Amino acid sequence: LQGHECGHFAFSKNLALQDACGYFSHTLCLTPYFSWQRSHAVHHSRVNHMWEGESHVPKVTGDEYGQAMRAFREKVGVWAHG
């Protein structure tokens with residue numbers, strides 16, 4: 001948890017202390033800190049993106065997705081899905 005917070009620059013305002021703590025805590029987990037910090041930032045830059053995200057895999061694509069969203073809006077209303 002501490003290393004994760006360091007990776008998000010949320011542990012300390014002192015960047016040297018933050019990197020030292022992040023490096024130490026990641027070393028205990030046998031995970032390279034600086035490369036993890038970079039790949040984790042890339043992960044967060046695309047989280048829940050329909051096509052570029054790593055964690056969101058749509059069940060349908062293209063026209064099927066549009067049809068599914070129109071049906072969803074009809075059932076629950078525009079307030080639930082813009």
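Biologist: How many residues does helix α3 have, and what does α3 reach from its first C-alpha to its last?
Modeller: Happy to start there, with the reminder that this is a predicted model. Helix α3 covers residues 33-45, which is 13 residues. At 1.5 Å a residue the expected reach is 18 Å, and from first C-alpha to last α3 comes close to that, at 18 Å.

Biologist: Thanks! Which residues of α3 are buried, and what arc do they cover around the axis?
Modeller: A general point helps here: an α-helix has 3.6 residues a turn, so residues three or four places apart point the same way. In α3 the buried residues are Y33, W36, Q37 and H40. They lie on the same side of α3, because the arc they cover around the axis is only 100°.

Biologist: And which exposed residues does the face of α3 turned away from its buried side carry?
Modeller: For a residue to be called exposed, its relative accessible area has to be over 50%. On the face of α3 turned away from the buried side, the exposed residues are R38 and S45.

Biologist: What do the buried residues of α3 pack against?
Modeller: Along the sequence the protein chain reads α-α-α-α, with 4 helices and 0 strands. The partners of the buried α3 residues are two of these helices, α1 (2-7) and α2 (15-28).

Biologist: Are α2 and α3 roughly parallel or roughly perpendicular to each other?
Modeller: Two packed helices are described by the angle between their axes and the distance between the axes. Here the axes of α2 and α3 come within 9 Å and cross at roughly 100°. Angles of 65 to 115 degrees count as roughly perpendicular, and α2 and α3 are therefore roughly perpendicular.

Biologist: Which residues make that contact between α2 and α3?
Modeller: Let's take the two sides in turn. From α2 come Q18, D19, G22, Y23 and H26. From α3 the contributors are Y33, F34, W36 and Q37.

Biologist: Is H26 buried or exposed, and with what relative accessible area?
Modeller: H26 is found in helix α2. Buried means under 20% relative accessible area. H26 is therefore buried, at 8%.

Biologist: Leaving aside neighbours within four places in sequence, which residues is H26 in contact with?
Modeller: Two of the contacts of H26, Y33 and W36, are also among the buried residues of α3. With sequence neighbours within four places set aside, the full list for H26 is G3, H4, T31, Y33 and W36.

Biologist: Last one: what share of the protein chain's residues is buried?
Modeller: The protein chain has 82 residues and exposes about 6400 Å², with carbon and sulfur atoms supplying 60% of that area. The buried share of its residues is 22%.

Note on methods
Residues are numbered from 1 along each chain as its sequence is written. This is a predicted model: local features need pLDDT of at least 70, side-chain atom pairs count only at pLDDT 80 or more; totals for chains, interfaces and linings use all residues. Side-chain values use heavy atoms; hydrogens and water are left out. Buried means under 20% relative accessible area, exposed over 50%, partly exposed in between (1.4 Å probe, protein chains only). Accessible areas come from the Shrake-Rupley method with a 1.4 Å probe; for residues, only the protein chains shown count as cover. The expected span of a helix is 1.5 Å times one less than its number of residues. The arc is that of the directions from the helix axis to the C-beta atoms. Contact means heavy atoms within 4.5 Å. Axes are lines fitted to C-alpha atoms, for helices over the stretch in contact, and angles run from 0 to 180 degrees between N-to-C directions. Angles under 35 degrees count as roughly parallel, over 145 as roughly antiparallel, 65 to 115 as roughly perpendicular and the rest as oblique.
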